[in-house]
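Welcome! Please take a moment to look over the sequence and the structure below. Then read on for a short tour, grouped by topic.

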Protein chains: 2
Amino acid sequence: MKLKQIEESLSSKGFKITKQRKQILDFILKTKGHFEIEDIVYKMKKKNKNVSRATIYRTIGLLKELGFVEEVIKYDNKTIYEIAGKGHHDHLICIKCGKIIEFEDKNIEKLQNKICKKYNFKPIYHRLEIFGICEECQKGEK
Amino acid sequence: MKLKQIEESLSSKGFKITKQRKQILDFILKTKGHFEIEDIVYKMKKKNKNVSRATIYRTIGLLKELGFVEEVIKYDNKTIYEIAGKGHHDHLICIKCGKIIEFEDKNIEKLQNKICKKYNFKPIYHRLEIFGICEECQKGEK
DNA sequence: GTTCTTGCAAACTGTTTGCAGCCGC
DNA sequence: GCGGCTGCAAACAGTTTGCAAGAAC
């Protein structure tokens, strides 16, 4: 997903391309991994691009609506996002160091769909979070 | 899991059995399904058992530590709990009416363990939330 | 009597919102 | 110039905490 594509999509829907939105998009696209709202706030401050927290929330909300960004993890009463379009995957989250490992498993997805069928439930999105201790932190434990 | 068992476990660990804790335990044990903190607050108010919100948070925190209660869903920036020991299962959550359907699938669990092995990740707990539209709400959609 | 627990209020975090002024188109 | 966008500050929800008074053992 490229900056231009997203911008076109935004303006084609009547949204304006402001410098704040450009800054935020720039950040998200450069951050290949996961991010939180505070990461953006911090980055903007550091670059002296004073984009307000409110605008960041609103922009991420908008990008979420449009499907460019996804809420992937809820942990510690915070929301962790990532850019969409990498293909669906789920996460292992280390509760010691906070590291996030992505994984993809088609079989799990298939089983989920089977479950949904069984309950006549129409799935829209899902989140599988496995919390535990990562390899490095296990070494440190001993 | 019975009231007596939990109380014994508490006192064997040096915690005291107060009337507030009894009230809260009573509520949790009677509520077979999922509950939120506010549900307890509401119930206590209604019964004129004025257990403060702070105490409820502290008690649930304690029960979580001891493994009697689990955080099973994070939705809408709220935490939904349930009593532990029913055997692990996951959830379908209707984003229209809020209904929660439990399901259990050993195969999904197995696949998860496989993933963890692959990454040398030591799993502690996990959460699989499938958000979508339940059967009834689908009918209403048309 | 000691120690743990409670209630209260205040504080805190993540998030949302109303409104006046600003800026993209 | 219009309508959407921003920044600010205030508000909000869920949750945590310090402290003095109270209850369990």
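## A quick briefing

Of the atoms of DNA strand C within 4 Å of the protein, 70% belong to sugar or phosphate, and the rest belong to bases. Keep in mind as you read that this is a predicted model. Besides the surface near the DNA, we will visit two sets of residues that carry the UniProt annotation "binding site", each from an unreviewed entry.

**Around DNA strand C**

- In total, 22 residues surround DNA strand C, and the closest are A:Y57, B:K16, B:Q20, B:R21 and B:T55.
- Sorted by class, this surface has seven nonpolar, eight polar and seven charged residues.
- Both protein chains take part: helix 4 (53–65) and strand 3 of chain A, along with helix 2 (19–30) and helix 4 (53–65) of chain B, each supply at least two residues of the surface near DNA strand C.
- The largest share of that surface, four residues, comes from helix 4 of chain A.
- Two residues of chain A can be found beside phosphate oxygens of the strand: a polar backbone atom of A:I17 is 3.3 Å from one, and an N or O atom in the side chain of A:T79 is 2.9 Å from one.
- On chain B, look for B:Q20, where a polar side-chain atom lies 2.6 Å from a sugar or linking oxygen of DNA strand C.

**The binding site with A:H88 and A:H126**

- The UniProt annotation "binding site" (unreviewed entry) covers A:H88, A:D90, A:E109 and A:H126.
- These residues are spread over 39 residues of sequence, yet they cluster in space, with a largest C-alpha distance of 10.0 Å.
- A:H88, A:D90, A:E109 and A:H126 also belong to the lining of the second largest pocket.
- To find A:H88, go to the loop between strand 3 (78–83) and strand 4 (90–94) of chain A.
- A:H126, by comparison, sits in strand 6 (residues 122–133) of chain A.
- Are these two histidines buried or exposed? A:H88 has 33% relative accessibility, so it counts as partly exposed; A:H126 has a relative accessible area of 15%, so it is buried.
- The side chain of A:H88 makes polar contacts with the side chains of A:D90 (3.2 Å) and A:H126 (2.9 Å).
- Leaving aside neighbours within four places in sequence, A:H88 is in contact with A:E104, A:E109 and A:H126.
- With residues up to four places away in sequence not counted, A:H126 touches residues of both chains, including A:Q112, B:L128 and B:F131.

**The binding site with four cysteines**

- A second "binding site" feature in UniProt (unreviewed entry) is placed at A:C94, A:C97, A:C134 and A:C137.
- Here too the residues cluster in space: they are spread over 44 residues of sequence, but the largest C-alpha distance is 8.2 Å.
- A:C94 is in strand 4 of chain A, while A:C134 is in the loop between strand 6 and helix 6 (135–141) of that chain.
- Why is A:C94 called buried? Its relative accessible area is 1%, and buried means under 20%, so A:C94 qualifies.
- A:C134 also counts as buried, because its relative accessibility is 1%.
- Beyond its neighbours within four places in sequence, A:C94 is in contact with several residues, among them A:C134, A:C137 and B:F121.
- A:C134 touches A:C94, A:C97, A:K99, B:N120 and B:F121, again not counting residues up to four places away in sequence.

Technical notes:
Residues numbered from 1 in each chain as written. Chains lettered and ligands numbered in written order. Predicted model: local features only at pLDDT ≥ 70, side-chain atom pairs only at ≥ 80, totals over all residues. Heavy atoms only, no water. UniProt positions renumbered as here; feature names shortened; annotations may be inferred. 1 Å grid on protein atoms, 1.4 Å probe; cavity = no way out; pocket = protein on both sides within 12 Å on 5 of 7 lines; lining within 4 Å. Buried < 20%, exposed > 50% of the residue type's maximum accessible area, 1.4 Å probe, protein only. Contact = heavy atoms within 4.5 Å. Polar contact = N/O pair within 3.5 Å; in protein donor to acceptor, adjacent residues only side chain to side chain. Near = heavy atom within 4 Å. Nonpolar A, V, L, I, M, F, W, Y, C, P; charged D, E, K, R; others polar.
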